Amino acid sequence: MRRFMPLRYVVPALMLSAFVDLTCNAQPSRNDFNANAAVCGDNYYAYPEPVGVTLTPAPKGYKPVYMSHYGRHGSRWLIGRTVYDNAWQVFSEANDSNQLTPLGQRLMMQLDTLRQWAHGRDGELTPLGARQHRGIARRMYENFPELFTDGGKIEARSSVVVRCILSMTNELTTLQGLSPNLKMDIDAAAVDMAFINNKEKRNTPNSNARDLVNAFRERHFSPVRFLNSVFKSEDYWRKKIEHPSRFVIDNVWQLYAGMQGLEPQCSVDLSPYLTADEKYGIWLIRNAEWYTSHGPSTDIETHHMQRQHLLLSNIVAKADSCLAMIENNAEEPVTASLRFGHEVTLMPLACVLNLNGYGTHYDDLEQLEQKEWYSYRVFPMASNIQIIFFRKPGADTLVKVMLNEHEATMPQLTPAYAGIYYKWSDVRSYMKKKIEEYKIQ
């Protein structure tokens, strides 16, 4: 017998779908999603290899001499030993009680397959993640060969987390293969975690932030349609699942989003279970949560952006030291400082630097979609920030910043050339100001 959803749930579901369509179809993020649904994977979005990117030539006489870099690890398995088990356990218990629909039974079996593949791989780098970093290294070499030639030296530091160490290793071995005599100073030590992934302060969302995000979640996603499609009885799942929206987002959508980082032989197709509007609505929620926790929201009492003063200090100190070595014609100048860490550092760093305006504060979470504050454009797996320094005898040192290998702007500063080249003295002053501002908070 065919089972119909009660009318009292059909009407709200239709209203929600209509609301999403009316408010989002014309927005750039919706266009991005229509072209490539993977972007709604949020921080699980697999690195989009740049295609057809043309870099703006440096001003006449300027040559690249140094790179300062922060990169996120590549695609990985999900983190948490139970993350692949949680939904399966709920569905398995429901199946034992004869409470799953045929669709729910199919999902349960796919989740069981996935959890067996994932066993023992908590947060590990995937083969795709390794390839992402090899590709980035190759393009760094092609874009700025002067920085990776004989006679120079790379200083590389990684988070102590294995997926970050392996990401660093894949980049460095690729660079070594392209330039066999390139010297390297490599380390992954707890002492460097202070700037690689500073945890000196915990984020503390205030009650207003929690209320805003909760209300935003209610506006943009309803779990009712999905749960009614996989459970026979709505009364059953309402009794068993304490927070339905969070259950679907954390235990179904997250597994779907993380699938794009796996190899085909270790993945199952979870895309049919959530509609396009549901996936998009969940991305809107996740985007708002990242803005509130790691972006320029003022509704956080202790802020991830404030933690970046140690990383900014490291960037400035290393740049000063390396530029001095180059100025003094040192025998083995450090031509690149590469750091490998996590999105919880890269996202707030992009916001602190206000790359492409990501440091802009918005009073209303609904403005994020309208103003193109899109998380997936900042921190996909293997995301990276490259600050490249250019010198010309007798002239100011210039820098340009690249976000995920695309030239980025710093709207708070006046460019010295072509809209994306800035005086290092201006960028340095801005960073020093931020360091002092964040140190006292």
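By buried I mean a residue with under 20% relative accessible area. On that cut-off, both Phe389 and Trp424 are buried. I will come back to that pair. One caution before the rest: what you have in front of you is a predicted model.

I'll start with the nonpolar cores. The largest one has 101 residues, and within that core Phe91, Phe226 and Phe231 touch the most other members. A second core, separate from it, has 25 residues, among them Phe144, Met168, Ala336 and Phe390. As background, nonpolar side chains in soluble globular proteins tend to be buried together.

Phe91 takes us to helix α3, which runs over residues 86-96. Which residues of α3 are buried? They are Ala87, Phe91, Ser92 and Ala94. The arc they cover around the axis is only 165°, which means that they are on the same side of α3. In general, an α-helix has 3.6 residues a turn, so residues three or four places apart point the same way. What do the buried residues of α3 pack against? The partners are four helices: α4 (102-118), α9 (224-230), α10 (234-240) and α11 (244-258). After α3 comes Asn98, with a positive phi near 60°.

Now the aromatic pairs. How many does a search of the whole structure find? The count is 18. One of them joins Phe91 and Phe231: the ring centres are 5.2 Å apart and the planes are at 10°, so this pair is stacked. Phe91 belongs to helix α3 and Phe231 to the loop between α9 and α10, so the pair ties together parts that are 140 residues apart in sequence. Are these two rings buried or exposed? Phe91 is buried, with a relative accessible area of 0%, and Phe231 is buried with a value of 0% too.

Back to Phe389 and Trp424. Their rings form an edge-to-face pair, 4.8 Å centre to centre with 65° between the planes. Phe389 lies in strand β5 (residues 384-391) and Trp424 in helix α16 (residues 424-439), so here the pair ties together parts 35 residues apart in sequence.

There is also a cluster. Ring pairs link Phe33, Tyr45, Tyr280, Trp283, Tyr374 and Tyr376. Tyr280 has a further partner in Arg30, whose charged end sits over the Tyr280 ring, 4.7 Å from its centre. A second arrangement of this kind involves Arg115 and Trp88: the charged end of Arg115 sits over the ring of Trp88, 3.7 Å from the centre.

Next, a buried acidic residue. Glu289 is found in helix α12, residues 276-294. Why does Glu289 count as buried? Its relative accessibility is 18%, and the cut-off for buried is under 20%. Which residues does Glu289 contact, leaving aside neighbours within four places in sequence? Those are Val213, Arg217 and Arg246. With Arg217 there is a polar contact between the side chains, at 3.4 Å.

Two backbone items deserve a look. Most residues other than glycine have a negative phi. Asp42 is not a glycine, yet its phi is positive, about 60°. Asp42 is found in the loop between α2 (28-35) and β1 (63-72), and it is buried, with a relative accessible area of 0%. Glu405 is the other case: not a glycine, and with a positive phi of about 70°. Where is Glu405? It is in the loop between β6 (398-403) and β7 (406-408). Glu405 is buried as well, at 3% relative accessible area.

To finish, two residues that are not buried. Pro127 is found in helix α5, residues 127-143, and is partly exposed, with a relative accessible area of 45%. The C-alpha atoms of Pro127 and Gly74 are separated by 9.1 Å, with these positions 53 residues apart along the chain. Arg81 is found in the loop between β1 and α3. With a relative accessible area of 77%, Arg81 is exposed. Its C-alpha atom is separated by 9.0 Å from that of Ala118, a residue 37 places away along the chain.

Conventions:
Residues numbered from 1 in each chain as written. Predicted model: local features only at pLDDT ≥ 70, side-chain atom pairs only at ≥ 80, totals over all residues. Heavy atoms only, no water. Helix = DSSP H or I, 4+ residues; strand = E, 2+ residues; numbered from the N terminus. Buried < 20%, exposed > 50% of the residue type's maximum accessible area, 1.4 Å probe, protein only. Polar contact = N/O pair within 3.5 Å; in protein donor to acceptor, adjacent residues only side chain to side chain. Contact = heavy atoms within 4.5 Å. Core = buried A, V, L, I, M, F, W, Y, C linked by side-chain atoms within 4.5 Å. Arc of directions from axis to C-beta. Phe/Tyr/Trp six-rings, centres within 6.5 Å; stacked < 30°, edge-to-face > 60°. Lys NZ or Arg CZ within 6 Å of the ring centre and 35° of its normal.
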